[in-house]
Amino acid sequence: MSRVIFVRHGQSEWNALNKFTGWVDVGLTQQGIDEAHQAGQKIKEAGIELDMAFTSVLKRAIRTCHIILEESDQLWIPEIKSWRLNERHYGALQGLNKEEVAKEFGEKQVHIWRRSYHTLPPLLKPDDPDSALNDRRYDHLQKRVVPMGENLQTTLHRVIPLWEDQIAPAILDKKTVLVAAHGNSLRALAKYMENISDKDIVDLEIPTGQPLVYELDKELNVIKKYYL
């Protein structure tokens, strides 16, 4: 049996302000920091020995990862940061208050933008000053790869290469892996691992700061899943 543990980062500053966050690099609130500490404590109390960790290039996930590893006395393990684990890019919605957007476009439309598998949000223009093309952490990527907005389907398409090339091989090598990332990048991985339908994935919610353990067989099929 192999294990992979998902943890969605703790509450962020824009979670608290009810804003669309996406690729904007905001920090954790004190509640988010506390949630990360509690996640680390749960992993330690469960006696889970981690072998390596994966996280995004956004500081709310990175800090969550570090707090978990420090709290569980495993800060020394190898860590890989990848843009592929970034939160779903919310396009031109990023920075906007969800309640105000709902007043303008309707709650149904906002729900579709937030949860739908296929529907894209309004896209940023490439010359927008808030475009990730202006962020040096993405300089190594081809411009056509950097999103101006994503749905869960396109998020899944960018997450899967990391799973197939690095995370899955580590698990197959009998390593216990921590993935500290974001609500939608983790939902995308969960959809792939569990073969969740396009319709049913709309209802999947992964709470902040709660370690989600997957037990897998030698073919990486899910045997069991549970929260600590």
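Here are some numbered notes on a predicted model, meant to be read with the structure open beside you.

1. **The largest pocket.** A good place to start is the open space in the fold. Rolling a probe the size of a water molecule over the atoms shows where empty space is left. The largest pocket holds about 270 Å³ of space. Its lining is made of 19 residues, and those closest to the centre are Arg8, Glu87, Tyr90, Lys98 and Asn184. Try finding these five on your screen before you read on.

2. **Who builds that lining?** Which helices each supply at least two residues of the lining of the largest pocket? They are helix H5, residues 107–115, and helix H7, residues 183–194. H7 gives the most, with three residues. Sorted by class, the lining has nine charged residues, seven polar and three nonpolar.

3. **The second largest pocket.** This one holds about 180 Å³ of space. It is lined by 13 residues, and Trp23, Asp130, Ser131, Ala132 and Asp135 are the closest to its centre. Here the classes come out as five nonpolar, four polar and four charged residues. You may like to set these counts beside those of the largest pocket, with its three nonpolar, seven polar and nine charged residues.

4. **Asn184, a residue worth a stop.** You have met Asn184 already, as one of the residues closest to the centre of the largest pocket. Asn184 lies in helix H7. Is Asn184 buried or exposed? Its relative accessibility is 5%, so Asn184 counts as buried, the cut-off for that being under 20%. Leaving aside residues up to four places away in sequence, Asn184 touches Glu87, Arg88, Tyr90, Arg114, Leu152 and Thr155. Two of these names, Glu87 and Tyr90, are also in the list of residues closest to the pocket centre.

5. **How H6 and H7 pack.** Two packed helices are described by the angle between their axes and the distance between the axes. For H6 and H7 the angle is about 70° and the axes are 9 Å apart. H6 is therefore roughly perpendicular to H7, since angles of 65 to 115 degrees count that way. On the H6 side the contact is made by Leu152, Thr155, Leu156, Val159, Ile160, Trp163 and Glu164. On the H7 side you will find Asn184, Ser185, Arg187, Ala188, Leu189, Lys191, Tyr192 and Met193. By class, this contact has nine nonpolar, three polar and three charged residues.

6. **How H4 and H5 pack.** Now turn to helix H4, residues 98–105, which together with H7 is what the buried residues of H5 pack against. The buried residues in H5 are Val110, Trp113 and Arg115. H4 and H5 meet at an angle of about 125°, with their axes 7 Å apart. That is why H4 and H5 are described as oblique to each other. From H4 come Lys98, Val101, Ala102 and Phe105, and from H5 come Glu107, Gln109, Val110, Trp113 and Arg114. This contact counts five nonpolar residues, three charged and one polar.

7. **Two backbone angles to check.** Where does Asp73 sit? Asp73 is in the loop between helix H3, residues 59–71, and strand E3, residues 79–81. Its phi is near 60°, a positive value in a residue other than glycine. Lys174 also has a positive phi without being glycine, near 70°. You will find Lys174 in the loop between helix H6, residues 152–172, and strand E4, residues 177–181. Lys174 counts as exposed because its relative accessibility is 62%.

8. **Two more residues, and their distances.** Ile223 belongs to strand E6, residues 222–227. With a relative accessible area of 53%, Ile223 is exposed. Not counting residues up to four places away in sequence, Ile223 touches Glu215, Leu216 and Asp217. How far apart in space are the C-alpha atoms of Ile223 and Glu194? They are 9.9 Å apart, with the two positions 29 residues apart in sequence numbering. Val145, in the loop between H5 and H6, is partly exposed at 31% relative accessibility. Val145 and Ile167 are 22 residues apart along the chain, and their C-alpha atoms are separated by 21 Å.

How values were computed: Residues numbered from 1 in each chain as written. Predicted model: local features only at pLDDT ≥ 70, side-chain atom pairs only at ≥ 80, totals over all residues. Heavy atoms only, no water. 1 Å grid on protein atoms, 1.4 Å probe; cavity = no way out; pocket = protein on both sides within 12 Å on 5 of 7 lines; lining within 4 Å. Points joined across faces, edges and corners; volume = space filled by probe spheres on them. Helix = DSSP H or I, 4+ residues; strand = E, 2+ residues; numbered from the N terminus. Nonpolar A, V, L, I, M, F, W, Y, C, P; charged D, E, K, R; others polar. Buried < 20%, exposed > 50% of the residue type's maximum accessible area, 1.4 Å probe, protein only. Contact = heavy atoms within 4.5 Å. Axes fitted to C-alpha atoms, helices over the stretch in contact; angles between N-to-C directions. Parallel < 35°, antiparallel > 145°, perpendicular 65-115°, else oblique.
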